[in-house]
Structures are given as C-alpha cells and as structure tokens.
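User: I have a model open and want to go through it with you. Can we start with the surface?
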Amino acid sequence: MSGTLSIHINRDGLHHIDVAQSFETDDSFDVVLENHGAPIHVHLHLDDELSEVASLSATNHYIEEDETEVVPISVRNGPGRGKLKIVTSYGAETSYVDVDIEEFDPDADEILVDEALSKPKPRSPQQSTEASELTRNLPLIVLIVLAVVLVLGVGILVDWVVALFGAVSVLIGIGVATYFLTQ
C-alpha cells in the first residue's frame, strides 16, 4: 500500500502549498515536491510521534522553477501516526499532513495465480492445419515473389511489353503448378 505523497508548491500563487490533508501507507514512501512557479525553499519536518517510526533523508530542499524533487521517507517500524509539516520560504506558508502508517502486511501485495494459467491452451485442429499449410507453401510463395521481381527487373532493362508478357506467363505457370501440387 506504500505510495507517493504529492505536494504542489506555487501552483495557486507564490509560496502556496497544495497537499492532501491525510496520507496512509504501510511502508516507506516518497514525497514528491512539484514546484509550479519561481524557485523556492521547502522545509519538511516529521513531528515527534511520526519520527518514532519514520525518518527523512533531508529536511531542507531548494527547488528550481518548474522542477520536481523526490524525497524518500523511510518507515522503520509501524504502526504509527503523526504530522508531516511543510514550510515554504522560511515560514511564509505552513501546511500539515496527517500521516497514518499501518502495520505492514507482506501478503497485501501478493497476487494469487490460478494453476490453470501455467498450462497452455490446446490448439484447435483448424489452427494447426492452417499453420502447417502456410509453412508448407512458404517456399512456393517465396519463389513466386522472386520470379515476379526477376521478370519485372529484366523487363525494365529490356522492354516493358516483354516484362508484362513474361510476368503474366510466370504467374500463370506458377498458378497451374501450385494447383497441381496442392491436389
């Protein structure tokens, strides 16, 4: 259930902080500081209760204009709750987020998979017949394409009428041969 706590700075005016009133997690999480305006200093602080179960990697952050900074918060043990304090520009504005750290459940992220997924689906007889016919006729198809390309290439060098006559002759011959070979 761990996640990301997004904090928008300067979105609705200079020094303005836009953040959810509460945040729940059961593991370490990231605080994403998104600055939508002028460069700014942001201070993060965990109150006494919250600092008993979690810690910040750094408290003071300078964020350039239209930049984003990710601040990891490590949860050592839980459960616990407290407040995360966000301050912009050395006290110009202050906001608080109620953080609730629940007991970590390692099975919460577990995805149950039915054993039937490990078994391949049987192919229908029609699918396997179509695939084998295509595989069997593939060399013939390649020969047809090569013959047409060769006849057209010679025709371009010699004469278009000869090329057209040769291409039609080759296609008729290959069609007749294909008909008799597949019977």
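User: How much area does the protein expose, and what share do carbon and sulfur atoms supply?
Analyst: This is a predicted model. The protein exposes about 12,300 Å², and 58% of that comes from carbon and sulfur atoms.

User: And what percentage of residues count as buried?
Analyst: 25% of the 183 residues count as buried.

User: Which residues form a nonpolar patch on the surface?
Analyst: Leu138, Ile141, Val142, Val145, Leu146 and Val149 form one. Together they have about 520 Å² of accessible area.

User: Take Val149. Where is that residue found?
Analyst: Val149 lies in helix α2, which covers residues 125-157.

User: Why does Val149 count as exposed?
Analyst: Because its relative accessibility is 53%, and exposed means over 50%.

User: Switching to the fold. How many helices and strands are there?
Analyst: The protein has three helices and ten strands. From the N terminus the elements run β-β-β-β-β-α-β-β-β-β-β-α-α.

User: What share of the contacts is long in sequence terms, at least 24 apart?
Analyst: 63%, taken among contacts between residues at least 6 apart in sequence.

User: Now the open sheet. What is the strand order?
Analyst: Five strands form that sheet, ordered β3-β10-β9-β5-β7, with mixed pairing. β3 (22-25) and β7 (60-63) each have a single partner strand, so one side of each has no neighbour in the sheet. On average, neighbouring strands are turned by 25° against each other, direction ignored.

User: How do β5 and β7 run, parallel or antiparallel?
Analyst: Antiparallel. Four bridges join β7 to β5, which spans residues 40-46.

User: Which residue in β7 is the bridge partner of His41?
Analyst: Tyr62 is the partner of His41.

User: Staying with β7, which side chains are buried and which are not?
Analyst: His61 and Ile63 point to one face and are buried. Asn60 and Tyr62 point to the other face and are not buried.

User: Why would side chains alternate like that?
Analyst: Because in a regular strand the side chains alternate between the two faces of the sheet. In β7, the pair His61 and Ile63 is on one face, with Asn60 and Tyr62 on the other.

How values were computed
Residues are numbered from 1 along each chain as its sequence is written. This is a predicted model: local features need pLDDT of at least 70, side-chain atom pairs count only at pLDDT 80 or more; totals for chains, interfaces and linings use all residues. Side-chain values use heavy atoms; hydrogens and water are left out. Helices (H or I, at least four residues) and strands (E, at least two) are DSSP runs, numbered from the N terminus. Buried means under 20% relative accessible area, exposed over 50%, partly exposed in between (1.4 Å probe, protein chains only). Contact means heavy atoms within 4.5 Å. Accessible areas come from the Shrake-Rupley method with a 1.4 Å probe; for residues, only the protein chains shown count as cover. Patches are made of residues with over 30% relative accessible area and no salt bridge: like charges are joined within 9 Å, nonpolar side chains (Val, Leu, Ile, Met, Phe, Trp, Tyr) within 5 Å. A salt bridge is a side-chain nitrogen of Lys or Arg within 4 Å of a carboxyl oxygen of Asp or Glu. Two strands pair if DSSP finds at least two bridges between them. Axes are lines fitted to C-alpha atoms, for helices over the stretch in contact, and angles run from 0 to 180 degrees between N-to-C directions.
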